[in-house]
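Please examine the model shown here. The paragraphs that follow take up two of its helices in turn and then its cysteines.

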Amino acid sequence: LESEGDMRGAELHYCSAGEWLSAVNMYRNNNMWEDTMRVAKFQGGANASKRVAYAYALHCGGSAGASLLTKMDLIEPAIEYAVESAAFEHALELAQAGLKSKLPEIHYKHAMHLEDEGSFADAESAFLKSNKEIEAIEMYTHQRSWDDALRVAKEYEPSFINDIFVAQGGVSLEEKDYEKAEELFIKAKKPELALKMYQESKDWDGAMKIVNLHLPHLKPELDKSMQYATKENRNNFLDNGRLLEDCHKYDEAIDAYMLPTTEDLANTSDLEELWLHALHVAKVNRKDRYMVVLQEVVSRFVAAKNHERASEVLYEAGELEKAVHVAMSGSCWSKAKEISRDSESLSRRVEIAFQETLMAEGDSDNLMVSGNIESALDIYAQRDDWDRIWETLREESTSMKITSKFAMMRVRHLLSKDAEQKHYCQALEVLMEFDVPASSKAYKVYKDLVCGVLGMDSNQEIATAYVKIVSDLRYVLIEATKDNVMEEGGKEINNGNDSDVNDDDDSDVGHKFEYLQMAIHYTHMLHVCSRNHLDGLSAKISITLLQYST
């Protein structure tokens with residue numbers, strides 16, 4: 001019948017035989033689209049009619065196909081079929097030409113298809129075209145592409161930025177990166193999530209930090225939670241250990257007391273109490289394990305920065321030297337001195353280490369308190385705090401040796417600078433107040449001072465109280481040598497203390513000091529005679545001074 005052109009008759013037989021698709025193809029091959037649609041819709045239902053409508057659109061092509069489908073009220077089924085077939089470009093073409101209201105829906109379904117395919121950048125573009133910015137953000141969040149999620153949120157949905165931080169923080173929490181999770185929760189303005197995280201992980205220090213910084217009104221509540229949790233955990237460990245003791249399972253009891261860590265008990269004092277229980281059980285019931293447990297307990301006290309308690313435990317165990325060592329390593333000097341008081345050698349070792357530590361730390365105040373004045377003055381000198389040095393020397397009963405040391409140090413410092421008049425004056429002021437006895441070590445300083453004063457030109461003399469400077473320098477030299485007995489060969493005896501000659505191997509230091517004295521003395525007398533118009537004496541002194549000019 002079909003070959004004879006009796007389409008209706010052929011349709012009847014095709015459909016009666018259940019081959020309605022043959023009837024559809026028959027009409028389609030003869031471009032009888034209305035009959036094609038009629039048979040497909042009646043025999044195959046909505047899905048079949050969609051396929052036929054889509055095929056018709058493809059047959060007509062472009063806007064012409066869309067126009068015809070619109071007239072036939074088939075545009076929407078055709079678009080739906082194109083979408084179901086993942087022919088999104090054609091679906092968009094049909095919608096653009098005949099049903100623009102479907103464009104957002106097509107873009108959205110296209111975006112979900114691209115997301116499933118892993119084409120996230122293209123999916124983002126499609127989501128944005130469908131006005132589904134939130135879905136684009138959620139896609140990137142699901143993929144943990146945090147930077148992309150934030151980029152889209154900042155541009156289109158700023159209100160979702162905090163949600164992204166929360167999601168990212170949740171991932172960090174899953175990975176047990178608590179520090180990163182806390183940072184993200186705070187960025188998201190959700191400190192309560194950080195608090196909950198720390199509470200659930202029993203990190204009470206972290207929880208307290210969050211409360212103090214961000215949620216101060218929750219501090220009373222957190223305090224109660226901490227007390228309850230800590231007390232409950234501590235009691236559980238204590239009860240377990242005591243039960244094992246009662247059953248005479250002493251090894252297990254020791255292990256039980258030593259089992260908890262800071263993850264189990266945030267309160268260090270509770271941990272320390274359990275460690276001491278373990279030590280007691282070992283001491284009383286398992287002496288063969290006592291030293292091993294002792295060593296472990298001490299190492300844990302040290303790790304917890306409780307050196308003082310660690311030293312006490314060692315002292316109680318009779319390990320005196322180790323106790324002192326641990327106390328000193330933790331800078332527990334009072335404890336180190338206390339437990340070493342019965343041993344002269346240990347006490348001396350502690351005191352030396354204490355003084356060395358104070359010097360290394362530059363703790364001049366405690367050096368003064370401990371009576372180590374010279375070391376304190378050394379620190380002041382390093383800081384160039386000479387006013388403090390002079391103040392200390394005036395107030396403290398220091399030895400001549402210490403006074404001379406720092407006076408000479410200051411004078412050397414002043415004379416090492418540019419040879420300007422003011423430095424010689426300052427050096428002389430120091431020597432006027434603080435005696436520096438004549439010695440081979442002091443000779444070069446005195447020589448430089450005398451040469452500097454006598455070497456002033458007329459302009460420098462006019463600009464200063466030169467006569468007084470010479471008089472003062474004469475006085476200083478007399479005071480420096482009056483208590484010294486110089487021996488031939490340059491070795492001097494100063495109040496019973498010998499000092500070696502070390503000024504360029506000069507051997508006759510006594511005579512050299514006398515030479516300096518006489519040069520200054522004659523200069524002083526010249527000024528006295530000139531002031532009193534004793535011209536004859538002035539002339540003789542001037543001639544005498546010529547021998548000191550070289």
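**Two helices and their surroundings**

In this predicted model, the buried residues of helix H9 pack against helix H7 (103-117), helix H8 (120-129), helix H10 (146-156) and helix H11 (161-174). Helix H9 itself covers residues 133-142, and its buried residues are Glu133, Ala136, Ile137, Met139, Tyr140 and Thr141. Just after H9 comes Arg144, with a positive phi of about 60°.

Helix H18 can be described along similar lines. Helix H18 runs over residues 287-303, a stretch of 17 residues. Its length can be checked: at 1.5 Å a residue it should span 24 Å, and because its end C-alpha atoms lie 25 Å apart, the expected and modelled values agree. The buried residues of H18 are Tyr290, Val293, Leu294, Val297, Val298 and Phe301. Their spacing may be read against a general rule. An α-helix has 3.6 residues a turn, so residues three or four places apart point the same way.

Among the elements that cover the buried residues of H18 are helix H16 (250-258), helix H17 (268-285), helix H19 (307-316) and helix H20 (320-329). H18 is followed by Lys305, which has a positive phi near 65°.

The cysteines remain to be considered. How many disulfides does a search of the whole structure find? The search finds zero. As for solvent exposure, Cys247 counts as partly exposed because its relative accessible area is 44%. Cys451 is likewise partly exposed, with a relative accessible area of 46%.

Definitions and conventions:
Residues are numbered from 1 along each chain as its sequence is written. This is a predicted model: local features need pLDDT of at least 70, side-chain atom pairs count only at pLDDT 80 or more; totals for chains, interfaces and linings use all residues. Side-chain values use heavy atoms; hydrogens and water are left out. A disulfide is a pair of cysteine sulfur atoms within 2.5 Å. Buried means under 20% relative accessible area, exposed over 50%, partly exposed in between (1.4 Å probe, protein chains only). Helices (H or I, at least four residues) and strands (E, at least two) are DSSP runs, numbered from the N terminus. Contact means heavy atoms within 4.5 Å. The expected span of a helix is 1.5 Å times one less than its number of residues.
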